[in-house]
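Reader: I would like to go through this model with you and ask, term by term, on what grounds each label is given.

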Amino acid sequence: MTDGGRLARRVAGFPTTVFSEFSALAAKHGAVNLGQGFPDFDGPEEIKEAAARAIREGVNQYAVGAGAADLRRAIAEHCRRFYRMEVDPETMITVTSGATEALFDAVMGLVNPGDEVVLFEPYYDSYAANVEMAGGVARYVELRPPDQAHRAWWFERAELEAAFTPRTRLVVVNTPHNPTGKVFTREELSLIARLCQERDAVALADEVYEHIAFEPARHLRLATLPGMADRTVTVSSGGKSFSFTGWKVGWAIAAPELRQAVQQAHQFVTFATASPLQAAIAAALRLPDGYFHRLASEYRTRRDRLVSSLAQAGLTPFAPEGTYFAMADCSAHGFEDDFAFCRWLTAEVGVAAIPPSAFYSEPHKAHARHLARFAFCKTDQVLEAAAERLARGREVALRGVDPDATCAGMARVSKARRTGAKVRRPAPAGGAALTPTYDGRSAQRIASEVERWVEGELTHTLIRAPARREQFTTDSGIDIPAVLTPADRSEERFEQLSLPGVFPYTRGIQPTMYRGRLWTMRQFAGFGSPQDTNRRFKYLIANGMTGLSTAFDMPALMGYDCDHPLSLGEVGKEGVAVSSLRDFEILFAGIDLGEVTTSMTINASAIVALCMYVAVAEKQGVPMERLGGTIQNDMLKEYIAQKEWIVPPRPAVRVVVDMIEFCAKRMPRWHPVSISGYHIREAGATAAQELAFTLADGIGYVEECTRRGLPVDSFAPRLSFFWDVHNDFFEEIAKFRAARRIWARTMRDRFGAKDPRSLQLKTHAQTAGVSLTAQQPYNNVVRTALQALAAVLGGTQSLHTNSLDETYALPTEEAVTLALRSQQIIAFESGVDRVVDPLAGSYYLEHLTDEMERIATDYIRRIDEMGGIIRAVEEGYPQREISESAYRFQREVEQRQRIVVGVNAFRAQKEDPIPTLKIDERVHEQQDSRLREVKASRSKSAVEAALMKVEAAARGSENLVPPVLEAVKAYATLGEICEVFRKVWGRYREGGAF
């Protein structure tokens with residue numbers, strides 16, 4: 001009898017795992033192995049020590065079959081902590097030898113011969129084998145790659161519904177999903193839940209990557225959906241979350257009846273898992289929340305590094321929402337299938353990947369012929385080595401094609417290698433492997449055509465009909481040529497523009513931009529009392545707003561409580577009135593701060609607002625590690641432009657750095673500063689000045705943080721920027737592009753940042769408030785729409801559109817809804833979201849981008865020569881430059897050199913009044929009354945002790961955030977805390993400048 005004849009039929013058809021072939025191939029060719037899906041680094045030292053301690057203490061015999069009692073308790077605690085899910089450790093948990101065994105046990109214990117099991121493909125390779133060994137019948141639902149209509153991998157709803165039949169026993173849901181990196185949405189999981197309940201099916205939820213999901217995706221446990229607690233088996237393990245895959249400690253969680261099915265199979269498979277390792281994983285599950293947030297953050301960094309490397313190598317990566325893996329489209333390379341490509345990549349380029357057709361059923365393997373799967377659970381050194389090899393592979397390809405070719409040339413070189421054709425390899429000029437965007441001969445020919453056109457058609461036309469003005473410039477004074485052609489761009493290099501999501505990010509920080517995810521639509525909400533603003537929040541959320549944006553009133557901005565004499569007449573007028581934690585509790589009542597992101601526009605007293613937000617979240621049961629959002633907190637621009645301060649510049653910047661440091665360590669989803677050009681522009685700066693002074697402010701904060709000893713990559717990924725968007729349409733778009741390019745190069749070359757997220761300039765934008773006119777206010781709708789479109793074409797990640805009535809007062813609900821609708825029309829009707837970078841390659845736009853970069857870098861150089869931005873602010877340099885620009889602008893309006901429709905031209909004979917929002921004066925009385933109640937009910941001694949700690953920290957070098965947080969929890973008021981700062985550092989008065 002042959003060996004093959006001895007195999008049982010149930011296993012005879014199983015192929016050798018694909019990992020065996022490619023691991024051997026990688027070893028043979030010395031390739032960087034991005035195929036194997038396990039980390040090449042260990043998990044926390046304290047967990048290894050816990051395993052060693054258990055061994056030394058004699059925890060070395062069989063555990064009970066269901067698992068060690070302490071591990072089962074830790075799993076139950078983990079479910080309660082992260083999912084608010086109550087699990088009985090005695091009757092609902094079975095510990096297994098890895099998640100793979102738990103999956104096998106569940107299928108063996110639940111599936112009878114002939115039962116149907118729904119599988120999403122591609123799938124983890126054990127799923128189909130398990131179903132076959134149980135005698136079940138697999139029915140497949142295909143996950144399709146992201147496309148124009150879908151930002152993530154997706155499936156046809158009708159296909160899933162058709163897969164469920166009266167014979168369906170089980171559906172396997174892997175989220176976050178291996179190998180695609182998809183994180184199933186609430187809507188998708190709700191559909192699966194409905195089908196399970198309608199067909200009386202059970203869900204087997206493989207959630208081993210539960211803590212490796214990347215914003216904005218959020219992992220949702222299927223068992224927590226209505227009706228699913230009693231029909232879901234949830235599988236997870238300690239391998240992926242703690243980097244101990246070799247320990248093979250997994251578990252299944254289910255209602256007692258389902259858990260018994262798993263337990264029955266388990267007792268005859270492995271019976272028990274290594275006891276000391278169970279003790280160690282119990283300790284791992286009890287690690288603080290910060291560990292799990294850092295885990296996701298660190299893997300996101302690795303993901304971004306790999307995705308960037310793949311894109312630069314000419315592949316089309318699909319940025320995963322979770323897991324260790326990224327899929328990429330390799331069809332441009334021209335190989336017949338994914339196995340041929342992955343073998344070539346391993347042997348010729350020296351980087352091993354896995355062909356994902358191994359994860360498809362036989363009839364559907366062709367669906368993966370253009371794909372490859374890469375693992376990024378590797379050290380920085382390994383990922384860097386892979387990036388270098390991929391880049392060299394691309395350079396080889398580029399040297400084998402015409403100089404004006406781009407990444408598509410890889411396909412031609414690949415084909416030449418396979419067919420044995422000779423590849424032309426000219427030496428790069430000057431030793432640099434740079435790719436001109438336009439070839440020299442064509443540029444010369446076009447330049448000659450332009451010269452003939454100027455002397456002919458253009459000159460003759462100008463004789464007959466002179467131009468409206470002698471010279472055309474942008475609002476920043478940049479000369480605008482009559483026409484631009486490739487001849488004007490002949491010095492441009494491909495590396496200057498690169499590709500979306502690739503350094504220097506000229507074309508956007510994400511490879512998919514709005515194809516993947518639309519910008520966050522924010523509308524300012526903040527007026528009157530906290531109750532008023534809370535109602536407005538809920539109104540805007542109901543109307544499609546996707547992020548909260550909070551404005552605070554003038555007393556709060558200046559560090560005063562509502563009962564201070566200087567607050568008279570200003571309470572609740574420019575934003576919401578807040579004086580104590582009680583106001584914040586009302587402000588966010590009924591809003592789950594773990595589910596929304598919030599932007600807060602506050603600066604001098606930002607540390608108090610942040611601490612109050614954290615305290616409210618903790619009262620809701622949401623730890624600070626889960627909070628997402630942004631606080632403006634940009635003090636440098638206050639001294640440059642907005643003029644709302646409490647103390648002198650240097651201590652104010654110290655507070656900003658304290659907040660950056662604290663958030664980097666404790667609030668990984670929070671942006672601790674939004675470096676703001678908006679107010680600089682509103683004060684009268686040109687677009688180029690806004691660009692320069694804002695980036696100079698950002699450089700100043702990075703310098704101060706690194707002087708403190710913070711590694712740049714520990715905080716820079718969470719820095720964000722806030723830009724004004726004015727009327728000069730193309731100049732505004734160019735400003736966004738130039739900003740990304742300057743920031744990326746500055747962070748890499750000046751500060752040595754290596755994390756791609758540190759190089760990516762994240763952007764919020766707001767349409768220009770200063771452009772709104774009181775005359776003909778409905779014209780403001782048109783202005784705002786054009787400005788919003790410029791922001792979108794410029795690649796913003798977040799956008800606020802001003803309301804038509806904001807030149808009079810805070811907006812009414814009708815006006816703010818219309819402003820939001822302008823964003824929604826751009827997003828869903830204009831079509832600009834359908835292509836990643838719509839205006840790329842426009843000769844005029846790229847010319848403006850270069851000019852904006854040139855002017856801004858010249859300003860930054862001068863600021864550096866003065867000793868940095870803080871010194872420049874103290875000397876009044878940015879303030880003087882802005883004052884001069886504001887004066888020039890106003891003079892041009894008054895002399896009608898600049899037309900403002902409805903103001904100095906096209907005036908209306910009669911202007912009808914429009915409805916405006918009026919703040920009831922009783923708001924001040926209500927706020928005073930609440931503040932008196934707070935002061936009467938709080939512990940006076942606790943407040944005094946907390947304020948003494950704030951003062952001690954301010955006089956010393958201790959980080960101010962913890963003592964301020966303690967103070968707000970004791971109900972110390974915003975004004976009391978800010979008064980401590982005035983006491984320690986003094987008040988600030990600025991000398992005049994014009």
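Reader: Which helices each supply at least two residues of the lining of the second largest pocket?

Author: They are H25 (678-682), H26 (687-707), H30 (779-794), H32 (843-866) and H34 (877-894), a helix being a DSSP run of H or I with at least four residues, and a strand a run of E with at least two, both numbered from the N terminus. The model is predicted, and local features need pLDDT of at least 70, side-chain atom pairs 80 or more, while totals for chains, interfaces and linings use all residues. Residues are numbered from 1 along each chain as its sequence is written, and side-chain values use heavy atoms, without hydrogens and water.

Reader: What makes a residue part of the lining of the second largest pocket?

Author: A lining residue has an atom within 4 Å of a pocket point, where a pocket is an open set of points on a 1 Å grid over the protein atoms alone, reached by a 1.4 Å probe, with protein on both sides within 12 Å along at least five of seven lines. About 1700 Å³ of space lies in the second largest pocket, and among its 47 lining residues the closest to the centre are Asp475, Phe889, Glu892, Arg898 and Ile899. H34 gives the most to this lining, with nine residues.

Reader: Why is Ala970 called buried?

Author: Buried means under 20% relative accessible area, with exposed over 50% and partly exposed in between (1.4 Å probe, protein chains only); Ala970 has 17% relative accessibility and therefore counts as buried. Ala970 lies in the loop between helix H37 (961-969) and helix H38 (974-985). By that criterion six of the seven residues of strand S5 (168-174) are buried as well.

Reader: How do you know that S5 is paired, and with which strands?

Author: Two strands pair if DSSP finds at least two bridges between them. Four bridges join S5 to strand S3 (116-121) and five join S5 to strand S6 (202-206), so both cases satisfy the definition. S5 runs parallel to S3 and parallel to S6, with Val171 as the bridge partner of Val118 and Val173 opposite Ala205.

Reader: Why are S9 and S12 described as standing at the edges?

Author: In the open, antiparallel sheet with the order S9-S10-S12, strand S9 (316-318) and strand S12 (371-375) each have a single partner strand, so one side of each is left without a neighbour in the sheet. Strand S10 (325-329) is joined to S12 by five bridges, and Phe325 stands opposite Ala375.

Methods
Grid points are joined across faces, edges and corners, and a volume is the space filled by probe spheres set on the points.
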